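Thanks for asking me to look this one over. Here are my comments, in the order I would raise them with you.

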Amino acid sequence: MKHFSLILALLVAPVAAVAQDENVVAGLSQNTVAITANFSGSEILIFGAVERQAPAPEDSILGVIITVEGPDRGLTVRRMDRRYGIWMNTEAVEIDSAPTFYAVATNAPLEDILSDVEDDALDITINRAIHAYYIDSDRPQDFIDAVIRIRENEDLYQTLEGAVQVRSDTLFDTSIRLPSNLVEGDYTARIFLTRDRQIVADFETEIEVAKVGLERIIYNLAHERPLIYGLLSLFIAIAAGWGASAVFRYIRS
């Protein structure tokens, strides 16, 4: 038993040493994104360096994985089929939580720098970031794939393999584009360093996405004072209709 413990310790020691010898020092071009009335999207530059206490290992490849994740939301995904001459819901899967925005950028193909075990533990890829449970379907993955496909088309889910530039095995950077249809809330940026497909260091920071100006006032009014918001909307609609009618009568007269 002693011999087995000694062998196990010798096998684990090199990995532990790498994890202690490499750390991430990183920053963002902006930590706040303001959504205004004419907001058409934004871009965040994420950059950093690998801080080392010893020379980099020569027999392993450095992997850099950067993710940006928006607030989670739950949803129900349904499949409609034609039955008895009409379209009806036949299957459904409850998505317990799915990021409203998710981008993952890497310096190499994910399968080359990240193991499934690490992905399962930290929910790094888009597929792992979505959590669903079965309702009445024997193929829930089909529904998860549908959510991913729809949000990829809306630019809300992005897999950017090879988008991270690594220089001299130390400096790295990438840019993540944020579309105009962002959901307001706290976003999380994570950076992972890997060796031999195992994570050896990580870094995390927050990005605030918030409405400002008139957008903020209207949003707060709609959610915090719905009755006042409804009455104000009705008043504006009546005033606009009356104004348009008055202008039309003036033109005809």
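1. Let me begin with residues 1-19, where pLDDT stays under 50. The model, which is a predicted one, has 4 contacts beyond four places in sequence for this stretch. Where pLDDT is low, the predicted coordinates should not be read in detail.

2. For the protein as a whole, the mean pLDDT is 81. A pLDDT of 70 or more is reached by 75% of the residues.

3. On the overall make-up, I find 7 helices and 13 strands in the protein. Of its 253 residues, 35% are buried. The accessible surface comes to about 15,200 Å², and carbon and sulfur atoms hold 57% of that area.

4. If you look at contacts with a sequence separation of 6 or more, 70% of them join residues 24 or more positions apart.

5. Now for one residue in more detail: is Ala-105 buried or exposed? Ala-105 sits in strand β7, which covers residues 102-106. Its relative accessibility is 0%, and because buried means under 20%, Ala-105 counts as buried.

6. Which residues does Ala-105 touch, leaving aside those up to four places away in sequence? The list is Val-64, Ile-65, Ile-66, Leu-160, Ala-163, Val-164, Thr-174 and Ile-176. You may also like to check the pair Ala-105 and Thr-159: they lie 54 residues apart along the chain, yet 6.2 Å separates their C-alpha atoms.

Terms used
Residues are numbered from 1 along each chain as its sequence is written. This is a predicted model: local features need pLDDT of at least 70, side-chain atom pairs count only at pLDDT 80 or more; totals for chains, interfaces and linings use all residues. Side-chain values use heavy atoms; hydrogens and water are left out. pLDDT is the predictor's confidence in each residue, from 0 to 100. Contact means heavy atoms within 4.5 Å. Helices (H or I, at least four residues) and strands (E, at least two) are DSSP runs, numbered from the N terminus. Buried means under 20% relative accessible area, exposed over 50%, partly exposed in between (1.4 Å probe, protein chains only). Accessible areas come from the Shrake-Rupley method with a 1.4 Å probe; for residues, only the protein chains shown count as cover.
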